[in-house]
Amino acid sequence: MPRPFRILSIDGGGIRGLIPALLLAELEAYTGRRVADLFDLIVGTSTGGIIALGLVMPGPNGAPQHSAQDLADLYLQQRSQIFQRSLWDELRNPGGLLDERYASSGIEAVLKEHFREIRLQEALTEVMVTAYDLEKRDPFFFRSRRAKLDARYDYPMWLAARATSAAPTYFEPVMIPWPDGDRDVLIDGGVFANNPAMCAYAEAQAALREGRIPAAEILLVSLGTGHFTKPIPFDVAKDWGLAGWARPILDVMFDGVADTVDYQLRQILPPEQSERPTYYRFQVTLDQELDAMDAITTTHMEGLQRMARRILVAQGATFSQMATRLNQFANQNS
């Protein structure tokens with residue numbers, strides 16, 4: 001059986017990125033392989049973009065620098081530095097109403113320490129992460145393939161990670177100047193592709209059409225960061241103005257986009273319930289207190305770990321089937 005073109009897609013969701021990171025750690029434990037060895041293309045948005053880049057980052061020996069568990073530990077150990085907010089910040093900018101909620105210095109320090117000076121063209125597996133250009137009003141994709149062809153697009157991985165996770169109202173946009181005087185002003189790709197699986201599918205179709213990969217079926221694994229359940233009552237929302245909608249509309253948009261992409265791909269590719277699935281979606285319905293993108297208490301982090309375990313229980317048979325197939329396909333390369 002010919003090996004399919006294997007794609008991993010990881011949703012955005014802030015601190016809830018711990019959920020897919022833990023699922024990927026389980027995948028590595030099950031297969032005995034690093035995630036970068038199991039897929040041909042890894043795509044992510046926002047927190048999923050940070051994970052995607054971390055998975056393909058090379059170490060000194062040419063193997064992946066970080067395991068998926070290392071990336072899960074990043075959320076657990078450095079969350080306070082990423083979502084850094086002092087009492088003075090709260091007094092100066094109550095509730096993040098007057099400026100971005102968090103200074104960019106914290107997340108940038110973590111990303112620079114994590115990715116060092118590694119650049120996109122060094123990715124061990126083809127990677128793509130999403131962003132959105134505010135001035136050009138266009139989607140923007142950081143692609144390792146493009147970086148290898150054109151040095152202008154060979155950004156440091158930390159910068160791509162910073163741009164893809166610049167969620168409006170949480171972190172300020174990223175400005176990337178060009179030598180010719182042009183520039184890109186980038187925010188979180190979640191505003192158009194919080195679930196980037198359809199972007200990943202389109203990228204694979206383009207590669208097939210251009211002959212960059214052999215004609216083969218596509219196997220797409222999509223990891224969510226949790227589905228919202230907390231309702232927004234009519235009596236609460238009906239009188240909201242600009243200030244009232246600013247934060248909730250982001251959650252509504254991110255969640256709606258993610259569910260829409262899942263629906264679309266289930267119509268295009270045979271899903272996990274099929275006799276021969278080529279599309280797997282691992283997602284969980286969040287307990288209502290766990291939907292925040294920036295809640296970092298110990299109780300909250302324990303809750304997110306519980307959500308990851310819930311997926312492995314509810315979709316355990318499907319997860320094992322997917323992992324076994326990926327391992328078999330990886331063996332064809334050995």
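# Notebook: contacts, helix packing and salt bridges

I began with D262, which touches N195, Y279 and R281 when residues up to four places away in sequence are not counted. I should record at once that this is a predicted model. D262 lies in helix 11, and I enter it as buried because its relative accessibility is 17% and the cut-off for buried is under 20%.

From there I went to E272, which I found in the loop between helix 11 (242–268) and strand 8 (279–282). Leaving out residues up to four places away in sequence, I listed its contacts as R266, P277, Y279, Y280, R281, Q315 and T318. Y279 and R281 therefore appear in the contact lists of D262 and of E272. E272 has a relative accessible area of 14%, so I entered it as buried. I also looked up its separation from T260: the two are 12 residues apart in sequence, and their C-alpha atoms are 17 Å apart in space.

Next I turned to the packing of two helices. Two packed helices are described by the angle between their axes and the distance between the axes. For helix 3 (residues 68–82) and helix 5 (residues 104–115) I noted an angle of about 145°, with the axes 9 Å apart, and the crossing of the two is right-handed. On the side of helix 3 the residues that meet the partner are L71, L74, Q78, Q81 and I82, while helix 5 contributes G106, I107, A109, V110, E113 and H114.

Helix 5 came up again when I went through the salt bridges, of which the count comes to 19. Side chains of opposite charge can pair when their charged atoms come close. The side chains of E108 and R162 form one such bridge, at 3.1 Å from N to O. This pair links distant parts of the chain, since E108 is in helix 5 and R162 is in helix 7, 54 residues apart. I noted that R162 is buried, with a relative accessible area of 1%, whereas E108 counts as partly exposed at 21% relative accessibility.

Two further bridges went into the same entry. D150 and R152 meet through their side chains at 2.7 Å, N to O, and R152 counts as exposed at 52% relative accessibility. E210 and R212 also meet at 2.7 Å, N to O, but R212 counts as partly exposed, at 32%. I closed this part with E126, R143, R145 and E203, which are linked in a network of salt bridges.

I then checked backbone angles. S46 has a positive phi of about 55° although it is not a glycine, and it sits in the loop between strand 2 (41–45) and helix 2 (47–56), where it is buried with a relative accessible area of 5%. T169, which is also a residue other than glycine, has a positive phi near 80°. T169 is placed in the loop between helix 7 (157–164) and strand 5 (174–177), and I entered it as partly exposed, with a relative accessible area of 27%.

My last entry concerns the surface. I232, W245, I249 and V252 form a nonpolar patch there, with about 310 Å² of accessible area together. I looked up I232 in particular and found it in the loop between strand 7 (218–223) and helix 10 (234–237), where it counts as partly exposed at 38% relative accessibility.

How values were computed. Residues numbered from 1 in each chain as written. Predicted model: local features only at pLDDT ≥ 70, side-chain atom pairs only at ≥ 80, totals over all residues. Heavy atoms only, no water. Helix = DSSP H or I, 4+ residues; strand = E, 2+ residues; numbered from the N terminus. Buried < 20%, exposed > 50% of the residue type's maximum accessible area, 1.4 Å probe, protein only. Contact = heavy atoms within 4.5 Å. Patch = residues over 30% accessible without salt bridge, like charges linked within 9 Å, V, L, I, M, F, W, Y side chains within 5 Å. Areas by Shrake-Rupley, 256 points an atom, 1.4 Å probe, with all protein chains shown as cover. Salt bridge = Lys/Arg side-chain N within 4 Å of Asp/Glu carboxyl O. Axes fitted to C-alpha atoms, helices over the stretch in contact; angles between N-to-C directions. Left-handed = near helix turned anticlockwise from the far one by under 90°.
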